[in-house]
Amino acid sequence: MSETVTEAELKVGDELPPLSVRVTRDQLVRYAGASLDFNPIHWNERFATEVGLPGVIAHGMLTMALGGRLVTGWLGDPGRLVEYGARFTRPVVVPDDGSGALVEFTGKVGEVRDDGTARIDITAKFEGRTVLGKAQAVVRL
């Protein structure tokens, strides 16, 4: 968030700068190592399609974390993120082509509270379709 933006200036409907991220297979491997989530749906094309997925998919928590980056980048201080939650509504299919899957994040101020916090409503889209439902963050202003 800009140093010049104050709680009094922040209004419901204000938009955060958008964030576009390409999720690649190598990122999935690194995330699997960091999270210890080695489920084969995140790296094995044959397994993913055998269980009914359209291909290898990104970890839901990775997608959610990228949405968190939208907010913390805007805040300039990750310590001001008080609460964050989302539902996983649709997978992000990550092709094995080097360019990956483009996930686009936007955010809006949904509520400014009297206690010095605000609710940020986050939208995450892949191929024009929402992949996170009810993605909301509470931030300290």
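In this predicted model, Arg46 is an exposed residue whose relative accessible area is 52%. Its side chain meets that of Glu50 in a salt bridge, with a nitrogen-to-oxygen distance of 3.6 Å. Glu50 is likewise classed as exposed, at 56% relative accessibility. Both residues belong to helix α2, which spans residues 45-50, and because they are four residues apart there, about one helical turn separates them. In general terms, side chains of opposite charge can pair when their charged atoms come close.

The structure holds six salt bridges, and further examples involve strand β4 (residues 117-126). Glu111, Arg113, Arg119 and Asp121 are linked in a network of such bridges. Within this network, Arg119 bridges to Asp121, the closest N and O atoms being 2.7 Å apart, and the side chains of Glu111 and Arg119 meet at 3.4 Å, N to O. The surroundings of these residues can be described by their accessibility. Arg119 is buried, with a relative accessible area of 19%; the cut-off for this class is under 20%. Glu111 is partly exposed at 29%, and Asp121 is partly exposed at 25%.

Strand β4 itself is mostly covered, since seven of its 10 residues are buried. Its pairing partners may be taken in turn. Nine bridges join β3 to β4, and the two strands run antiparallel; within this pairing, Gly107 has Ile122 as its bridge partner in β4. The hairpin formed by β3 and β4 has four residues between the strands, and there Gly116 takes a positive phi near 85 degrees. Strand β4 is also joined to β6 by six bridges, again in an antiparallel arrangement. In that pairing, Ile120 stands opposite Ala137 of β6, while Ala118 has Val139 as its bridge partner in β6. A further antiparallel pairing, over two bridges, connects β4 with strand β5 (residues 129-130), where Phe126 is partnered by Arg129 of β5. Two residues lie between the strands of the β4 and β5 hairpin, in which Glu127 takes a positive phi near 55 degrees.

Strand β6 (residues 132-140) contains Lys134 and also pairs with strand β2 (residues 81-88), in the antiparallel sense and over six bridges. Here Tyr84 has Ala137 as its bridge partner in β6, and Ala137 is also the residue that Ile120 stands opposite. Lys134 has a positive phi of about 45 degrees although it is not a glycine. Most residues other than glycine have a negative phi. Lys134 is exposed, with a relative accessible area of 57%.

The discussion now turns to the interior. The largest nonpolar core has 30 residues, of which Val23, Val71, Val92, Phe105 and Ile120 touch the most other members. Two or more residues of this core are given by each of β1 (19-23), α3 (60-75), β3 (101-112), β4 and β6. Helix α3 provides the largest share, six residues. The surroundings of Val92 can be listed explicitly: leaving aside its neighbours within four places in sequence, Val92 is in contact with Val56, Ile57, Ala58, Thr63, Ala101, Val103, Phe126 and Val131.

Helix α1 shows how one helix is placed against its surroundings. Arg25, Leu28 and Ala32 are buried in α1. Seen down the helix axis, the buried residues of α1 fall within an arc of 45 degrees, so they line one face of the helix. On the other side of α1, Arg30 and Ala34 are exposed. The elements that cover the buried residues of α1 include β1, α2 and α3.

Helix α1 (25-35) leads into a loop before α2, and Leu36 is found in that loop. Like Lys134, which is not a glycine yet has a positive phi, Leu36 departs from glycine in identity but has a positive phi, of about 60 degrees. Leu36 is exposed, with a relative accessible area of 66%. Beyond this loop lies helix α2, where the salt bridge between Arg46 and Glu50 is found.

Terms used. Residues are numbered from 1 along each chain as its sequence is written. This is a predicted model: local features need pLDDT of at least 70, side-chain atom pairs count only at pLDDT 80 or more; totals for chains, interfaces and linings use all residues. Side-chain values use heavy atoms; hydrogens and water are left out. A salt bridge is a side-chain nitrogen of Lys or Arg within 4 Å of a carboxyl oxygen of Asp or Glu. Buried means under 20% relative accessible area, exposed over 50%, partly exposed in between (1.4 Å probe, protein chains only). Two strands pair if DSSP finds at least two bridges between them. A nonpolar core is a set of buried Ala, Val, Leu, Ile, Met, Phe, Trp, Tyr and Cys residues joined through side-chain atoms within 4.5 Å. Contact means heavy atoms within 4.5 Å. The arc is that of the directions from the helix axis to the C-beta atoms.
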